[in-house]
2 protein chains.
Amino acid sequence: MKNGKRVQERLREHGLKVTPQRKVILEVISKMKNHPTAEMIMQEIAQVEPDISTATVYKTLDMFAEKGLILRIKTDRDVMRYDPFINRHHHLYLDESDEIIDYEDEELNRLLEQYFRKKNIPGMVIEDYRVEIKAKKER
Amino acid sequence: MKNGKRVQERLREHGLKVTPQRKVILEVISKMKNHPTAEMIMQEIAQVEPDISTATVYKTLDMFAEKGLILRIKTDRDVMRYDPFINRHHHLYLDESDEIIDYEDEELNRLLEQYFRKKNIPGMVIEDYRVEIKAKKER
DNA sequence: GTGGCTGCAAAGCCTTTGCAGACAT
DNA sequence: ATGTCTGCAAAGGCTTTGCAGCCAC
């Protein structure tokens with residue numbers, strides 16, 4: 001029950017009521033890679049607990065994103081995607097395959113952190129930033 | 001007819017047939033700021049040439065984006081947005097107001113250019129990159 | 001001439017909504 | 001006890017599609 005517990009705590013820490021549905025949803029997406037769509041998430045859920053409704057999944061994902069448990073990912077074509085990995089990281093968008101790959105690099109993070117610390121954008125408070133990298137596979 | 005001519009050339013340069021609809025659409029979006037939605041674009045178009053159909057606008061915007069005349073902008077909530085400004089620049093996303101503001105800074109561009117020139121991502125060819133900055137207005 | 005473009009209307013699809021009943025705290 | 005969450009089904013809204021006729025080249 002290690003996971004179950006962790007999930008429960010994470011919900012509570014983020015000020016969310018703990019319900020069976022939320023536990024399942026958070027547990028499932030936490031294991032998913034590749035920035036799943038709502039549909040992919042629902043498929044996974046169906047294998048654990050088939051009776052969670054579409055509406056609930058959508059509402060819950062929204063709620064999670066709002067509370068910072070997951071990230072909504074920007075796409076320019078696709079349906080919505082979600083990202084259970086909330087550390088600072090960047091995204092490689094592969095147009096050919098619709099993949100979105102996490103890109104982590106300490107050097108890049110440092111570079112940007114330094115840049116944004118000393119740079120001020122007048123009238124703005126910067127809350128977060130992320131590099132979106134358009135790339136294709138080498139062949 | 002200065003604009004008309006420029007628009008025509010831009011279409012041709014990008015390998016597109018020149019049609020009256022495309023001329024109007026490109027001319028209109030080239031003047032728009034604030035990363036308009038398809039709807040906003042259609043409203044503007046309606047004032048110049050009311051008989052262009054929705055389908056044509058969507059198809060044309062897609063085509064333009066594919067050929068690199070404009071950018072499709074990633075959003076995580078919103079409808080699709082388009083950006084007629086295709087130089088290297090970054091985006092400030094203001095969640096509170098749904099605004100997306102262009103952010104240009106030579107220093108940031110240099111920093112990233114340097115970084116990506118020396119950094120290799122195995123198996124990947126980097127085609128483009130852009131920083132998405134989440135911010136809010138200072139008050 | 002002909003391949004590509006346009007317009008119309010309809011379809012498609014993902015996501016949201018409204019509401020009544022159930023549940024967590 | 002009560003404010004919140006869930007599930008259902010239906011609606012909503014943006015975008016795409018199919019197709020016939022038209023146009024740019």
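## The surface near DNA strand C

The surface near DNA strand C is built from nine nonpolar, four polar and seven charged residues. Here a residue is near a strand if one of its heavy atoms lies within 4 Å of it. Ala, Val, Leu, Ile, Met, Phe, Trp, Tyr, Cys and Pro count as nonpolar; Asp, Glu, Lys and Arg count as charged; the others, Gly among them, count as polar. This is a predicted model: local features need pLDDT of at least 70 and side-chain atom pairs count only at pLDDT 80 or more, while totals for chains, interfaces and linings use all residues. Residues are numbered from 1 along each chain as its sequence is written, chains are lettered from A and ligands numbered from 1 in the order in which they are written, and side-chain values use heavy atoms, with hydrogens and water left out.

Strand C has 20 residues around it, and the closest are A:Tyr58, B:Thr19, B:Gln21, B:Thr56 and B:Lys59. Of the atoms of DNA strand C that come within 4 Å of the protein, 73% belong to sugar and phosphate.

## Polar contacts with strand C

A polar contact is a pair of N or O atoms within 3.5 Å; within protein, one must be able to donate a hydrogen and the other to accept it, and residues adjacent in sequence count only if both atoms are side-chain atoms. Which part of A:Val18 lies 3.1 Å from a phosphate oxygen of DNA strand C? A backbone N or O atom of A:Val18 does. Chain B uses side chains. An N or O atom in the side chain of B:Arg22 is 3.0 Å from a phosphate oxygen of strand C. For the side chain of B:Thr56, that distance is 2.7 Å.

Three helices give two or more residues each to this surface: H4 (54-67) of chain A, and H2 (20-31) and H4 (54-67) of chain B. Helices (H or I, at least four residues) and strands (E, at least two) are DSSP runs, numbered from the N terminus.

## DNA strand D

Strand D is also surrounded by 20 residues; A:Thr19, A:Gln21, A:Thr56, A:Lys59 and B:Tyr58 are the closest. Sugar and phosphate make up 75% of the atoms of DNA strand D that come within 4 Å of the protein.

A:Lys59 reaches a base: a polar side-chain atom of A:Lys59 lies 2.8 Å from a base oxygen of strand D. Backbone atoms of chain B face phosphate oxygens. One N or O atom of B:Val18 lies 3.1 Å from such an oxygen, and one of B:Met80 lies 2.9 Å from such an oxygen.

## Two related chains

A rotation of 180°, with 0.0 Å of shift along its axis, superposes chain A on chain B with an RMSD of 0.1 Å (least squares on the C-alpha atoms of residues with pLDDT of at least 70 in both). The two copies are thus related as by a two-fold rotation axis. In chain A, the C-alpha nearest that axis belongs to A:Val131, at 2.2 Å.

Lysines of each chain meet rings of the other. The charged end of A:Lys74 sits over the ring of B:Tyr93, 4.6 Å from its centre. Likewise, the charged end of B:Lys74 sits over the ring of A:Tyr93, 4.5 Å from its centre. "Over" means that NZ of Lys or CZ of Arg is within 6 Å of the ring centre and within 35 degrees of the ring normal.

## Aromatic rings

Over all chains, the structure holds four aromatic pairs. The rings of A:Tyr115 and A:Phe116 have centres 5.0 Å apart and planes at 80°, so this pair is edge-to-face. Rings of Phe, Tyr and Trp (its six-membered ring) pair if their centres lie within 6.5 Å; planes under 30 degrees apart count as stacked, over 60 as edge-to-face and the rest as tilted. Ring pairs link A:Tyr115, A:Phe116 and A:Tyr129 into a cluster.

Both A:Tyr115 and A:Phe116 are buried. Buried means under 20% relative accessible area, exposed over 50%, partly exposed in between (1.4 Å probe, protein chains only).
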